[in-house]
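Here is a walk through one model, taking the empty spaces before the sheets, the helices and a few backbone oddities. Keep the viewer open as you read.

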Amino acid sequence: MPGLLGFSDNPLVTRNDVVRASKALIAPLLPHFSPARARVRVPVSIGTHFDETAAQLEGFARPLFVVGALLHAGEPINDLLRPWVDGFSAGTDPDHPEYWGDIQDKDQRMVEAEMVAFGLLAAPREVLWDQFDERTKFNVAQWLRRLRGRDIHTSNWLWFRVMSSIALIKVCGVDHEELRAQMDTDLKQLDAMYLQDGWSSDGIWPDGDAVFATEVALFEETGKRNQRFWSRQADYYSGSFAIQFSQLLYVKFASDLDPARAAKYRQQARDFGSQFWRYFDYEGAAIPYGRSLTYRFACAGFFAALALAEVDGLPAPLSAPGALKGHLLRHLRWWAQRSSDIFRPDGTINIGWRYPNMFLSEDYNSPQSVYWALKSFVVVALAADKGFWTERETPYPEMSPGVCYLPAPRQMLCNHPDGNHHFLLNPSQYLTRPFKNATAKYCKFAYSSAFTFSLAVGNIVVSQIAPDNSLLLSRDGTETWATKTICTDAQIGIATVVGSATEELPLVSARWFPWANRQVSITTTLIPPSNRWPDWHLRVHRILVHEELKTLHTVEGGFAIHGHHRLDTRPLNAVAADELSHDRQVGAAEGVYQQGNGVVIFSSAGASGISAEPLVRDGASTTISAIKMEANTNLMAPRTLAPVIEHSFSHLAAGKEIVLVTKVFAISSQANGARRISGKTALKRWLDQPQAKYAVSSDSSPEVRGDHIQVTS
């Protein structure tokens, strides 16, 4: 469909624009309300691990981020907003057929309680709470009280009980003393998740060495892997989806109850904001990373909550209200301009990223879950005379430097001004909890806002195992594959560009074991783009054999890219260099070019390639190709190709070391507002490949002449 009127055609510049978009997003839900207006069911049959009643509660609760914000700003209760006001009565009445249900241990209703609490806290008392009869007031308070003492996930979920407690105190009139002990316990657990620089993990961040030691002990005891789940992730739940967002709601609504903690959260928001903006490019595109990405434009929810909480003293580049507004509205505009495939025919939001995609979904995604995206619209609560709305939107800051390592999430953000690719390098985050496709969402070496990651949908055929930006290994003749999950903490080092101009680059590395018996260990080092080679990043894999291997096969991919011609839509075909050499504009050339140890794909989306340093040992072979990825596995494009390198080795004795040097090339035609790059053509940029010089224990490093990158660790 052509998108959603009021959102897809919206310039999203003024407050009136954002208000119009927020209303347009919730209006399609009106036909799907239950008779008593306590539930919403989008008419799509999708299962979740939780019950259908909770799923339909999502449809009522999640739009309260908009409804509550609009009421806060003085919007009258009209035909659009009325159902959300009326629904509280039946939803909290245990005797009504549309009762939401009692909150039990680790219940999805706990999640929705935060949105219910937000609606109560944000709406003026006389507009919402005072409209309830005494029975409804009692029922609402009793329903929220049922979170108390329940077993709850030690994660962002703790915030849902905290915010519910605040609503009980500030709106429902419950004595603070009744809830103080539970709140103190929850807040202490949440504060224990804090890492540094404003970042928190979604759960307690375990020590990397302790994880390895436990894994070894469990394997020796049981002979099995994955006997315990681990979480070392700092993703959008650390910021926009949950923790920072909820901390800022705490600042907004509970500063008088807990001024010291509110002051601490303000400072953490300042620290976090000084780094988080780098996850968005010049045009507002976010790097999709982690789970729950079907929440789409909730990625910018941190900026909306920061504005709502009116935190002062923000650091650059968020130091002015116009700068904060720019980061939020650029992201919303990016989505509005690319929203033709994110809505169903009835105007409700579908599950996916750029198009409907159930491979991306989680087992907690109902058709109503996607309205978590409305977190980015809480900013409509701000009155029109606030600086956020009155100040002129300021442009995106210049990326200087174009590479920045963030120690809390252990990620290196890259957006080199002489290239055009916005991405991150990811050495050591992982999640082994049983979320769908967690390895693809957390453990790849690189994630891009332009060339998004692909999801695994099989375990044998290379095109189905999502090899993009991953190294996969097989020791059984490609019958099964293993890749990086649990690894050591990131280690920081320096690489040096040697040539006409010397440049030092940060590098990050981590050690990992593809198999539980530790037959092989791998240390992967990631090296970001440089001034000399702004379109390339390098990966050096040191593979150490601990027990003899009869065979070893590896597959490693670059970035998956749209792989069809723009005019006839057929798959891209092989081309010769002279068919590409005159195309200076990135995105004009189309075709697959292969030469020597590398292959590059040129398409309307840009260029994506991969190249390998020649192997220096006998008994090894290398195959390089552009593979057609399984359809609908990539978040951005449903039909993609990926450049892939495959190595095969035989008869590897214990103590043998292999070094794989992989060079990854990418230029986007769309990133950073389709920024033009000057100078050499895309083909010449591809042909001008970096060389790496490194030391190995068992083989000599290849001879290097001319400009190169010296890898010292």
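The largest cavity in this predicted model has a volume of about 120 Å³. Counting cavities of 30 Å³ or more gives seven. If you want to find the largest one, look for the residues that line it: F212, E215, V216, F219, K224 and R225, together with I486, F513, W515, A516 and R518. What classes of residue make up the lining of the largest cavity? Seven are nonpolar and four are charged, with no polar residue in the set.

Then there are the pockets. The largest pocket holds about 820 Å³ of space, and the second largest has a volume of about 600 Å³. Here is how the linings of the three spaces divide by class.

| Space | Nonpolar residues | Polar residues | Charged residues |
|---|---|---|---|
| Largest cavity | seven | no | four |
| Largest pocket | 14 | nine | eight |
| Second largest pocket | 14 | nine | four |

Which residues lie nearest the centre of the largest pocket? Of the 31 lining residues, those are H153, S155, R291, R433 and F435. Helices α5 (108-122) and α7 (157-170) each supply at least two residues of this lining.

For the second largest pocket, with its volume of about 600 Å³, there are 27 lining residues, and the closest to the centre are T439, W481, A482, T483 and T485. Helix α15 (residues 438-442) gives the largest share of that lining, three residues.

On to the sheets. The one with 10 strands is open and has mixed pairing, in the order β16-β17-β18-β21-β13-β12-β11-β10-β23-β22. At its edges stand β16 (591-595) and β22 (692-693); each has a single partner strand, so one side of each is left without a neighbour in the sheet. Inside that order, β12 (residues 520-527) and β13 (residues 536-545) pair in the antiparallel sense over eight bridges. To get your bearings on this pair, find V520, which stands opposite V545 in β13.

A second open sheet has four strands, ordered β4-β5-β6-β8, and its pairing is antiparallel. Which strands sit at the edges of this sheet? They are β4 (403-406) and β8 (446-448), each pairing on one side only. On average, neighbouring strands here are turned by 20° against each other, direction ignored. Strand β4 is joined to β5 (residues 411-414) by four bridges, and the two run antiparallel. Y405 has M412 in β5 as its bridge partner.

Strand β20 (residues 640-652) is worth tracing too. How many bridges does β20 form with β14 (residues 549-557)? The pair has eight, in the antiparallel sense, and G557 stands opposite V644 in β20. With β15 (residues 561-562), β20 pairs over two bridges, again antiparallel; there I561 stands opposite L641. With β19 (residues 620-628), β20 pairs in the antiparallel sense over nine bridges, and I624 has I645 in β20 as its bridge partner.

Now for a pair of helices. The axes of α12 (residues 301-309) and α13 (residues 321-336) come within 8 Å and cross at roughly 145°. Is the crossing of α12 and α13 left-handed or right-handed? It is left-handed. On the α12 side, F303, A304, L306 and A307 make the contact, and they meet L324, H327 and L328 in α13. By class, the residues of this contact are six nonpolar and one polar, with no charged residue.

The loop between α12 and α13 holds P317, and this proline is joined to A316 by a cis peptide bond, with omega about 5°. Another backbone feature to check is at L12, in the segment before α1 (15-26). Phi of L12 is near 50°, a positive value in a residue other than glycine. Why pick out these two spots? Most residues other than glycine have a negative phi, and most peptide bonds are trans.

Terms used
Residues are numbered from 1 along each chain as its sequence is written. This is a predicted model: local features need pLDDT of at least 70, side-chain atom pairs count only at pLDDT 80 or more; totals for chains, interfaces and linings use all residues. Side-chain values use heavy atoms; hydrogens and water are left out. On a 1 Å grid over the protein atoms alone, a cavity is a set of points where a 1.4 Å probe fits but cannot get out, and a pocket is an open set with protein on both sides within 12 Å along at least five of seven lines; lining residues have an atom within 4 Å of a point. Grid points are joined across faces, edges and corners, and a volume is the space filled by probe spheres set on the points. Ala, Val, Leu, Ile, Met, Phe, Trp, Tyr, Cys and Pro count as nonpolar, Asp, Glu, Lys and Arg as charged, and the others, Gly among them, as polar. Two strands pair if DSSP finds at least two bridges between them. Axes are lines fitted to C-alpha atoms, for helices over the stretch in contact, and angles run from 0 to 180 degrees between N-to-C directions. A crossing is left-handed if the near helix is turned anticlockwise from the far one by less than a right angle, and right-handed if clockwise. Contact means heavy atoms within 4.5 Å.
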